[in-house]
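Visitor: Could you take me on a close look at the enclosed spaces inside this protein? I'd like to know what surrounds them.

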Amino acid sequence: MCGIVGYVGNQDACPFLLTGLRRLEYRGYDSAGIATLGESGHLHLARAVGRIEALAERIAGAPMPGVIGIGHTRWATHGAATPENAHPHLGGAGNVAIVHNGVIENYQILKEMLIEKGYQFHSATDTEVIAHLIADALKTLMEAPASALPRQGGTDGRNAMFVEAVRASLPSLRGTYGLVVMFRDRPDLLIAARCGSPLVLGVGRGEQFIASDTSPLVGHTDRIIYLADHQLAVVSKDSIQVVHRDQGRIRPEVRILEAQDNDVSCEGYAHYMLKEIYEQPTSLRNAMRGRLDRENATSKFGGLNLTPSQLRSINRIILTACGTSWHSALTGEYLIEEFARLPVEVEYASELRYRNPPVDHDTLIFGITQSGETADTLAALREMKRKGHHTLAICNVIGSSIAQEADGGVYLHAGPEIGVASTKAFTSQLCVLAMLALYFGRLRHLSYEAGQRIIDNLEALPDAVEKALECNAVTRVIADKYKDATNFLYLGRHYNFPTALEGALKLKEISYIHAEGYPAAEMKHGPIALVDEHTPSVFLLSRSHVYDKVMSNLQEVKARGGPVIAIVDQYDKKLESLVDDLIEIPAVEDFLQPVVAAIPLQLLAYHIAIARGCDVDKPRNLAKSVTVE
Ligand code: AGP
């Protein structure tokens, strides 16, 4: 969702801010803006609805000088996507500029209080309230005698009043924020503050950077500091000081940012989504690197933070997630129950957080998330943690909120996923879940031989995925044939039931075609009414103990004149006359079929979306990190 960038240094701020906002585009947004502070103390402000290009054109027409500035991409929550509602917002008499991610739940009460004090509002946003609150706190501090100014644990004396104005305003805010403040009267000061919305600081030489995730920082610095909740960063071109809101100055941990320029560029592919689809053989190898233990016929994980004996006493697992990650969780249920004979429940995080189910002591909770920032998943894990359960994250983004807050977990190591539609993170999640199922299985009853076979299959998986990518050309032809359909069905059984759900979600989110995924046998209980000559059904027809069953379901669709696209892992002559289109993928053991079958599903959605002229990397209304409930 919304994105933040900030810069203070010795160069023009605008180029970094604009490039940074472009790198944040993937998060989803509908307007953008930048504010810089010129030498004369003039605050320049530009905001535009739509793409960053609209903002860039505006700035090209009216340059915004200044070596300090803040920028924002907004995904509308309070108030429509208009230039007035776009950030930065100004407070007081225009002496405070602010960008904000998150939601201020009590903004209405604060707004009324500020209006009574004479502050004028120009937007419908919750953010403008913060700008005026800080301006008001600053005014009070300026009017107070110098002796009344609280000592700000170690911050530079000249900035103390400004830091205090921000610090003193924060306790009034209910909700979440990641924010950066710039003051018209402090040309070498940015203040960042966080509560529930991530912020990362880039440590430079003679210049410092702020962003809501690491992508804008790549190529500018490799030293970063993650701000934690209730911390403020006091940033000037030569220093970054971190202060806890209530406990004074703290020494931040400086980490190394490992991403490189090519991680955040398209590298010759037409879209990030296509690049990420093709990265899957590599991302799968990375997910498995160092985690398969042949000698003991098991897998190993460094970060679960539980002893084997504690893990052995687990008698139930809850997997919680949203969207695509929830589909991985469903597959995880099948995997863990089969290999480890441990009961697994899969919960939408948005439901789990408010449902208050009975969860006994020996239950382990996994949150599955690409971004590590999904608000519902974070809240569900917090709720489970509050109740005393050990929470683990299966997460891609290193240093994300969920990665930091969970008691332990497993990183996917899939690399940055920029396309809004999750592809490589999905298959890496499946791979990690298969390795966890192996691990839990080997702690319990799974034999050495069975463990070895699972490892053999996992090791062969990246090559199978490489081979599956060869279906790109045929998928493009099929996409062209069905691009004008208005409904699709996706049908599969057993391990491929969640894969069918994921195939339907991929198509919906990037092509805007209505699609439903079902366990193939469920079709007869309602969805079959949708079948006609205009509604294609995508069947996942891999060889397994349910192959014949799925074949019968396929016949039922054909008998009603519905076009069938079959994804098969073994050529079968009789299929030629039965189905309308065939996509062949390599045969793998049934527990890994969802990984291989995901490839044609991703490519089909991609090519249909392209044929319909859709923006696959930035589909309408969607955000990469869903940081609001
Ligand atoms: C994936 O294609 C979707 N854009 C979306 O469903 C996503 O999986 C969901 O929002 C959860 O995100 P997370 O994995 O980052 O938590």
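**A look inside the cavities**

Guide: Let's start with the second largest cavity, which holds about 70 Å³ of space. Keep in mind that this is a predicted model, so treat what follows as computed from it. Around that space sit Cys 2, Arg 74, Trp 75, Thr 77, His 78, His 87, His 100, Gly 102, Thr 125, Asp 126 and Thr 127. Three histidines are on that list, namely His 78, His 87 and His 100. By type, the lining of this cavity breaks down into two nonpolar, seven polar and two charged residues. Cys 2 and Trp 75 are the nonpolar pair, while Arg 74 and Asp 126 carry the charged label.

Now for the largest cavity, with about 90 Å³ of space. Its lining is made up of Met 1, Cys 2, Arg 27, Trp 75, Thr 77, Asn 101, Gly 102, Val 103, Ser 197, Pro 198, Thr 627 and Val 628. So the wall draws on residues from far-apart stretches of the numbering, with Met 1 and Val 628 both taking part. Here the split is six nonpolar, five polar and one charged, and the charged one is Arg 27.

Put the two lists next to each other and some names come up twice: Cys 2, Trp 75, Thr 77 and Gly 102 line the largest cavity and also the second largest. In total, the structure holds four cavities of 30 Å³ or more, and these two are the ones I can walk you through residue by residue.

Conventions:
Residues numbered from 1 in each chain as written. Predicted model: local features only at pLDDT ≥ 70, side-chain atom pairs only at ≥ 80, totals over all residues. Heavy atoms only, no water. 1 Å grid on protein atoms, 1.4 Å probe; cavity = no way out; pocket = protein on both sides within 12 Å on 5 of 7 lines; lining within 4 Å. Points joined across faces, edges and corners; volume = space filled by probe spheres on them.
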